[in-house]
Amino acid sequence: MDIRAVIFDLDGTLVGAPTPFSEIKERLKKRLLEIGIAEELLGDLTPMYETLLKVSEKTGIDFERLHSVQVELETERMRESFLFDDAREVLEYLKGKGIKLALVTRSSRKAALLALEKNGITNYFDSIVAREDVKPEDLKPNPGQIQKALSDLNVPPEKAIVVGDHGYDVLAARSAGTLSVLVTGHDSGRMSFSVEVEPDFEVLDLKELKKLLERLLSTYVVVPAYNEEKTLPAVLNDLLRYFRREEIVVVNDGSRDRTREIAESYGVHVLNHLVNRGLGGALGTGLAFAVRKGAELILTFDADGQHLVSDALRVMRPVAEGKADFAVGSRLKGDTSEMPLVKKFGNFVLDVITAIFARKYVSDSQSGLRCFNRECASKIRITCDRYAVSSEIIIEASKHGCRIVEVPIKAVYTEYSMKKGTNVMEGVKIALNLLFDKLR
């Protein structure tokens, strides 16, 4: 993937400390009560910084006086901070890949710098955005801090990923337009309240984060294309938002229109069949090429505009996280409002036929949106040249013990894409091809 920047949260993500935030809140509350602030104004001090701003506004007490108490307590806590296992290895790996690094934290700059210096990781970061560096309304979960980091790094949001341990990090990333990774296994350093929100990716710890990043940074997209000059530009533009040109492989399957010229104009890999070999032939060529190039993850993505890149990222997730070997984007498990009834019925029949041979039922066996890990892709042998390949891939993956999962996706149909894909006759051919292959 085209990841040019990784933006880290600090506390609970890279470092922890023995003193929990709940205790810091209690100490802060005690100090504020000693100053003479009424308890009803303090509440539960969630979140602390914003509560102090409101208290200052209502009491007329200088904010910096109140804030200095919080900074003092945070700094004391960070004097005992420690680096989580594998944190340095992750930072070294990313730096070695030429990826820019930023730190975005709700901590004070004084506390953040102390933690970085104490743990010897200050020099890894190209940008550090603490809470004093933006307006209060820009603090996480709002996107202002991430936007400032992106501006400092001169990286567009689609080319960045935010790593944090809290829902605030995910919400801020989503608002800023970046991808997000949630680290769930660090108890030390986590804020005293939680926010339920779904990240783009999830890992237990920084060791798993490194594995995830290694897979994401070695992802190839195979785009089989036959006479797709009308839709290919939009498809490639969407893919290039998240993937590098050298990671996109267009297999021009003997097209008679401008498919080849258009693909070449985008600077992506273009593999050409002299004659039309069908979907199976195109996928076989693309998968073999990606495996030879060392891909850790391989996406297949139709060229007719039927898939959304946001869905492709969701289909990647379980394989990128190491929880599956092969993921299929299921239109039948997602929004089927645009899917014609005849397509639903035809797909169901083919799913049942596929399940008989695969001994595993997949609700959308004919989906063109798939993700393989390297090991699973290497085991699949494609012999069917045409549409039977979709069923053959399921059968091969099941036969070789690949862990298969389905991910709900949206069915997108246009008048153009409706002319593509399987129909009743193709369904009969697929069934016969699978039967003959089984009897061989």
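**Exercise 1. The chain as a whole**

Among contacts in the protein chain between residues at least 6 apart in sequence, what percentage join residues at least 24 apart? Describe also how the chain is built up.

*Solution.* The structure is a predicted model, and in it 72% of the contacts between residues at least 6 apart in sequence join residues that are at least 24 apart. Turning to the elements, the protein chain holds 18 helices and 15 strands. Of its 440 residues, 55% count as buried.

**Exercise 2. The buried side of helix 5**

Find the buried residues of helix 5, explain how they are placed around its axis, and name what covers them.

*Solution.* First, list the buried residues: within helix 5, which spans residues 87–96, these are Ala87, Val90, Leu91, Tyr93 and Leu94. Next, consider their directions: they lie on the same side of helix 5, because the arc they cover around the axis is only 160°. Then look at the cover over these buried residues, which includes strand 1 (5–8), strand 3 (82–83), strand 4 (100–104) and helix 9 (206–216). Finally, move past the end of the helix, where Gly98 follows with a positive phi, near 75°.

**Exercise 3. Leu101 in strand 4**

Decide whether Leu101 is buried or exposed, and work out which residues surround it.

*Solution.* Begin with the location, since Leu101 is found in strand 4. Its relative accessibility is 0%, and because the cut-off for buried is under 20%, Leu101 counts as buried. For the surroundings, leave aside the neighbours within four places in sequence; the contacts of Leu101 then include Leu91, Leu94 and Lys95, together with Val6 and Phe8. Further contacts of Leu101 include Tyr124, Phe125, Asp126, Ser127 and Leu153. A last step sets sequence beside space: Leu101 and Ala5 are separated by 96 residues in sequence, yet their C-alpha atoms are 5.7 Å apart.

**Exercise 4. Asp169 in helix 8**

Establish where Asp169 sits, whether it is buried or exposed, and what it touches.

*Solution.* Asp169 belongs to helix 8, which covers residues 167–176. With a relative accessibility of 4%, Asp169 counts as buried. Once its neighbours within four places in sequence are set aside, Asp169 is in contact with Asp9, Lys140, Val162 and Gly164.

**Exercise 5. Two helix pairs**

Describe how helix 3 packs with helix 4, and then how helix 9 meets helix 13.

*Solution.* Two packed helices are described by the angle between their axes and the distance between the axes. For helix 3 (residues 48–59) and helix 4 (residues 63–78), the angle is about 155° and the axes are 9 Å apart. Angles over 145 degrees count as roughly antiparallel, so helix 3 and helix 4 are roughly antiparallel to each other. The crossing of helix 3 past helix 4 is right-handed. Helix 3 contributes Met48, Tyr49, Leu52, Leu53, Val55 and Ser56 to the contact, while helix 4 contributes Phe63, Leu66, His67 and Gln70. By class, the residues of this contact are seven nonpolar, three polar and no charged.

For the second pair, the axes of helix 9 and helix 13 (residues 309–320) come within 10 Å and cross at roughly 130°. This angle lies between 115 and 145 degrees, and helix 9 and helix 13 are therefore oblique to each other. Helix 9 passes helix 13 in a crossing that is right-handed. Here Leu212, Arg215 and Leu216 of helix 9 meet Met316, Val319 and Ala320 of helix 13. The classes in this contact are five nonpolar, no polar and one charged.

Definitions and conventions: Residues are numbered from 1 along each chain as its sequence is written. This is a predicted model: local features need pLDDT of at least 70, side-chain atom pairs count only at pLDDT 80 or more; totals for chains, interfaces and linings use all residues. Side-chain values use heavy atoms; hydrogens and water are left out. Buried means under 20% relative accessible area, exposed over 50%, partly exposed in between (1.4 Å probe, protein chains only). Helices (H or I, at least four residues) and strands (E, at least two) are DSSP runs, numbered from the N terminus. The arc is that of the directions from the helix axis to the C-beta atoms. Contact means heavy atoms within 4.5 Å. Axes are lines fitted to C-alpha atoms, for helices over the stretch in contact, and angles run from 0 to 180 degrees between N-to-C directions. Angles under 35 degrees count as roughly parallel, over 145 as roughly antiparallel, 65 to 115 as roughly perpendicular and the rest as oblique. A crossing is left-handed if the near helix is turned anticlockwise from the far one by less than a right angle, and right-handed if clockwise. Ala, Val, Leu, Ile, Met, Phe, Trp, Tyr, Cys and Pro count as nonpolar, Asp, Glu, Lys and Arg as charged, and the others, Gly among them, as polar.
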